[in-house]
Amino acid sequence: MSECIFCKIVNKEIPATVVYEDDEVLVFMDIGPIIKGHTLVIPKKHYDPVTETPDEMLAKMHITAKKIAAAQMNGLGADGVNIMQNNGRASGQEVEHIHIHVIPRFADDGHHWNWHPKKYDDFDEMNNLAGKLREQL
Ligand code: AMP
Ligand code: ZN
């Protein structure tokens, strides 16, 4: 994936502020933080999207995200943490190399997600959608 910006960071072709790395994952500061301290966890090998990423790597990434969350709370004094992972343009994904956002949250940070809960027309509509999901599992 020679054009992938996160592969270029892994290969040290472009700089990043690294927080942690081992043989499998790299953790670095997001250049456009939602909240200062916003960090990205990526596999060193290129995978995308989540449905094409091996289970073992997903486990490793999420265990790493948990450690980063603890570091944000203990090291930055965060009161909470958002852990997010986008897949596909419709979800807002911009970089097509799987990554977990680990975002420190502070009681007074003033950030609000644009999160407006909707309603189903009725119970049948919700149950029909659940049925389509169950058929795939
Ligand atoms: P997403 O919308 O989930 O694909 O998120 C991509 C994230 O990558 C955004 O939060 C960007 O700010 C971040 N990003 C893009 N390029 C870089 C870079 N060169 N170094 C660090 N973070 C980056
Ligand atoms: Zn890549």
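The legends below walk through several close-up views of charged side chains in this predicted model.

**View 1. Six salt bridges turn up across the whole structure.** Side chains of opposite charge can pair when their charged atoms come close. The views that follow take you to some of these pairs, and then to a patch of negative charge on the surface.

**View 2. K60 and D22 form a salt bridge.** Look for the closest N and O atoms of this pair, which sit 2.6 Å apart. K60 belongs to helix α2, which covers residues 55–76, while D22 is in the loop between β1 (18–21) and β2 (25–29). The two partners are 38 residues apart, and their pairing links distant parts of the chain. D22 is buried because its relative accessible area, 18%, is under 20%. K60 is partly exposed, at a relative accessible area of 22%.

**View 3. K60 also forms a salt bridge with E24.** Here the closest N and O atoms are 3.1 Å apart. E24 lies in the loop between β1 and β2 and K60 in helix α2, so this salt bridge ties together parts separated by 36 residues in sequence. E24 is partly exposed, with a relative accessible area of 39%.

**View 4. R105 and D109 pair in another salt bridge.** Their closest N and O atoms are 2.7 Å apart. How does the exposure of each partner come out: is R105 buried or exposed? R105 is buried, with a relative accessible area of 15%. D109, on the other hand, is partly exposed, with a value of 23% for its relative accessible area.

**View 5. A network of salt bridges links K12, E21 and K44.** Find these three side chains together in this view: two lysines and a glutamate, joined through salt bridges into a network.

**View 6. Four acidic residues gather in a patch on the surface.** The members of this patch of negative charge are D121, D122, D124 and E125. Where along the chain should you look for D122? D122 is found in the loop between β5 (100–105) and α3 (123–135). With a relative accessible area of 42%, D122 is partly exposed.

Definitions and conventions:
Residues are numbered from 1 along each chain as its sequence is written. Chains are lettered from A and ligands numbered from 1 in the order in which they are written. This is a predicted model: local features need pLDDT of at least 70, side-chain atom pairs count only at pLDDT 80 or more; totals for chains, interfaces and linings use all residues. Side-chain values use heavy atoms; hydrogens and water are left out. Helices (H or I, at least four residues) and strands (E, at least two) are DSSP runs, numbered from the N terminus. Buried means under 20% relative accessible area, exposed over 50%, partly exposed in between (1.4 Å probe, protein chains only). Patches are made of residues with over 30% relative accessible area and no salt bridge: like charges are joined within 9 Å, nonpolar side chains (Val, Leu, Ile, Met, Phe, Trp, Tyr) within 5 Å. Accessible areas come from the Shrake-Rupley method with a 1.4 Å probe; for residues, only the protein chains shown count as cover. Lys and Arg count as positive and Asp and Glu as negative; His and the chain ends are not counted. The place of a charge is taken as NZ of Lys, CZ of Arg, CG of Asp or CD of Glu.
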